[in-house]
Amino acid sequence: MPQKPIVLDAPTPQKRALTAEALQAEILEKLTYFIGKDPIVARPHDWLKATIYAVRDRIIDRWMESSRETWRTGNKRVYYLSLEFLIGRLMRDSMSNLGLMDVVQAALKNFNVDLKEMLNLEPDAALGNGGLGRLAACFLESMSTVNIPAYGYGIRYVHGLFRQEMSEGWQVELPEDWLAHGNPWEFERRESSYEIGFGGHVAPVQEPDGSTRLEWRPAEHVLAVAFDTPIVGWRANRVNTLRLWSAQPIDPILLDKFNSGDHIGALEESSRAEAITRVLYPADSTPAGQELRLRQEFFFSSASLQDIVRRHLQQYGDLGSLSDKVAIQLNDTHPAIAIPELMRILIDIHGMKWAAAWKLTKATFGYTNHTLLPEALETWPVALLERMLPRQMQIIYAINAEVLTEARALGGFTDGQIANLSLIDENGHRRVRMGQLAFVGSHSINGVSALHSDLLKKTLFADLNRLYPGRINNKTNGVTQRRWLMQCNPGLTRLVSERIGPEFLDDFELIANLDKHADDPGFQDQFKAVKRANKVVLAQVIKDRLGIAVSPDAMFDVQTKRIHEYKRQLLNIIEAVAQYSMIRSHPEKDWAPRVKVFAGKAAPGYWNAKLIIKLINDVARVVNNDPAVRGLLKVVFLPNYNVSLAEQIIPAADLSEQISTAGMEASGTGNMKFMANGALTIGTLDGANVEMLEEVGPDNMLIFGLTADQVAEKRARSEVPRSAIDASPVLREALEAIATGVFSPDDPHRYRDLIGGLYDHDWFMVARDFDAYAKAQRAVDALWIKPRKWYSIAIRNTAHVSFFSSDRTIRQYARDVWSVPTVGGSA
């Protein structure tokens, strides 16, 4: 059957029609002349790379035209600075947004190459850890989709965070090797290389007019080299750029040392430079680790600013218009050092006066805060900054003086409040508060959910909010529906298209029309069939990776996220232990069969998080092999959670666990992805769960537990949690089983301290929320055995997800923060 031509925009007046036959010839040409392989001997990875090159050619036309258009029109550009960009695999994303999925599949079929199997060979780009990096990736795709000229700036990590494996139930960290065979999506830009300095001293320089300026003279330099990846928007209307920086030495080898016999020392400078971009989030428990993290953050911030200033001067010739043509968004505190660095560039290099430079800097920067957790709000030792970045530290002191002078002039601040406003924490060893620096240096500070933004005003930045009222605003996070519904769940996308029409693909708000079909038994059966097909796929993944057989007819109860005590995987597994006990004690009851699926990485130095992973695996070993359970409960932990694994888990989930301690999750984005794919949410009133509840209604979510205010109240009273445990026999029995070694007979005291913490302080309210959580889980059981009701709720979750599109979030940033126009949709 002949393929219907797919028409793409091209930079020429004529349109090019792409057929399967034409693409087949292009793929063969790439295989022959770029890969150097004869089709007879080509391996699957050869076909993957050849196909990527052929698809990439279609992207480059639009990429160049998008760039030309921005230069031609002089439109304002947005620059998104983020230490993470968790872009995942790009092949399917690009094909889908280009409208090439069917034609590529047909072209490869003639070579006897299976597209689905080939796509699984593409490595996940190891450029992030969790929600922060995935949000940045969604935002870049949405900026292309709504036609905002934009660059993403980050680091080209060689090994990323780590590859997670399990050894006897313990997390083991191994290096990622995603770049081992090159990256066909990227383009090295040798002309976009910048020297980055560290250390040294600041010297006064006499100007011809008799004035004196300060000049930083670094003791050490490394080279930041740009690698560009095109980011395609929906329908390829625009292609933006992800520019990642690679650290390279000025001199790759010190030949004098090498020739004198010091072969290792000759490479010392090279190793020191390359260490900057080798690993994401190096452990900072040592002074060397702290220094490396600061080097990373300054390295990519300085390179990005030099690139931005160079581009602006090239086009406009004058920095006075910088804030009119440039918007820089800081994705959390990691790039906050960019604020004093831009001041240095404006004042020391381009001769701008302090007042003008400070006004321009504040008008250019916006800051997105992602957390209320103290450990996530970076602070750096003053001594480290003075040694590594002496001029930037001088500027931070000057900014701080200006802020505190403003506060004194305004009046009404106590000495304690003035101390809170200061960029320098004087308690103990003096440290620079990077969150405070990001706040004072930006004209807009936003939280990422309504609750989070409100808490920023009331708690974390209460005094700064009083000094600079109106700066804090809310921009609730979103996810791109292209990847997290259309691409990862094609079965559901087809079903929705058949029922309400394909127009929702271009206007996502139209998915709300699905609500009227939620009670249609025929549609519910179709929805259930799609869900079951996805569960069959995930069941096979579990079987292949873990050797555990699970039934796709059981409820798939899923918690996939970074392992952290506030996210409360511990609450989930304790309740699983309680349920295990009840199933064995009451075999006569009609239990809803469940598969509890966990996935996520623990930071290498976070012992309790790693212990929770071990506990999950220990419980799984006992529960999954107990014949008394009769298969009614299975527990699995899938290692090495990444974007590609998420794309298999999320469409298969029946129940989404969003159970963080209220007031501690800034937003969450996993909750939105599960909602889009028809999972019911069990959760606390935390982060974006609050807005999800508003969108879908209280009858279609299972909310439990303490509110943020109640949590704060209990903490303020230093309430002893032991009484809550004593009042709950089910909880007490589960905790005793864990603490006494029922699940760890090889080390009976393994979890004694972990469980002891619940008796002593229970900072994350695990014990005090347990009974409410267990009650909500029994309500889940009651719903599961009523499939008509269950799938009615599931369909309504999908129907009401459009608010959580990252397109909506980006349009709000564009309107309220960046002052740039967008196309389509509404904010």
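This report covers two helix pairs and four single residues in a predicted model.

## Helices α22 and α23

Two packed helices are described by the angle between their axes and the distance between the axes. Helix α22 spans residues 569-585, and helix α23 spans residues 607-624. Their axes come within 10 Å. They cross at roughly 20°. Angles under 35 degrees count as roughly parallel, so α22 and α23 are roughly parallel to each other. The crossing of the two is left-handed.

From α22, the contact draws on Q569, L570, I573, V577 and Y580. From α23, it draws on I612, L615, I616, V619, V622 and V623. By class, 10 of the contact residues are nonpolar and 1 is polar. No charged residue takes part in this contact between α22 and α23.

## Helices α31 and α32

Helix α31 runs over residues 766-784, and helix α32 over residues 787-799. The two axes come within 6 Å and cross at roughly 110°. Angles of 65 to 115 degrees count as roughly perpendicular, which means that α31 is roughly perpendicular to α32.

V780, L783 and W784 make the contact on the α31 side. On the α32 side, the residues are P787, K789, W790, Y791 and I793. The contact of α31 with α32 has 7 nonpolar residues and 1 charged residue. It has no polar ones.

## Q329 in strand β12

Q329 is found in strand β12, which covers residues 326-331. Its relative accessible area is 0%. Buried means under 20%, so Q329 is buried.

What does the side chain of Q329 make a polar contact with? The partner is the side chain of N446, at 3.5 Å. N446 is also one of the residues that Q329 touches, not counting residues up to four places away in sequence. On the same basis, Q329 touches Y79, Y80 and L81, as well as G366, Y367 and T368. Y813, V817 and W818 complete the list.

## K37 in the loop between α1 and α2

K37 lies in the loop between α1 (20-35) and α2 (44-73). Its relative accessibility is 26%. Partly exposed covers values between 20% and 50%, and K37 therefore counts as partly exposed.

The side chain of K37 makes a polar contact with the side chain of D46, at 2.6 Å. D46 is also among the residues touched by K37 when those up to four places away in sequence are not counted. The others are L31, T32, A42 and R43. W47 is 10 residues from K37 along the chain. The C-alpha atoms of K37 and W47 are separated by 9.5 Å.

## Positive phi at S718 and S819

Most residues other than glycine have a negative phi. S718 has a positive phi, near 50°, and is not a glycine. The residue sits in the loop between α27 (708-716) and α28 (722-726). Is S718 buried or exposed? S718 is exposed, with a relative accessible area of 58%.

S819 is not a glycine either, and its phi is positive at about 55°. S819 is placed in the segment after α33 (806-818). Exposed means over 50%, so at 55% relative accessibility S819 counts as exposed.

Key:
Residues are numbered from 1 along each chain as its sequence is written. This is a predicted model: local features need pLDDT of at least 70, side-chain atom pairs count only at pLDDT 80 or more; totals for chains, interfaces and linings use all residues. Side-chain values use heavy atoms; hydrogens and water are left out. Helices (H or I, at least four residues) and strands (E, at least two) are DSSP runs, numbered from the N terminus. Buried means under 20% relative accessible area, exposed over 50%, partly exposed in between (1.4 Å probe, protein chains only). Contact means heavy atoms within 4.5 Å. A polar contact is a pair of N or O atoms within 3.5 Å; within protein, one must be able to donate a hydrogen and the other to accept it, and residues adjacent in sequence count only if both atoms are side-chain atoms. Axes are lines fitted to C-alpha atoms, for helices over the stretch in contact, and angles run from 0 to 180 degrees between N-to-C directions. Angles under 35 degrees count as roughly parallel, over 145 as roughly antiparallel, 65 to 115 as roughly perpendicular and the rest as oblique. A crossing is left-handed if the near helix is turned anticlockwise from the far one by less than a right angle, and right-handed if clockwise. Ala, Val, Leu, Ile, Met, Phe, Trp, Tyr, Cys and Pro count as nonpolar, Asp, Glu, Lys and Arg as charged, and the others, Gly among them, as polar.
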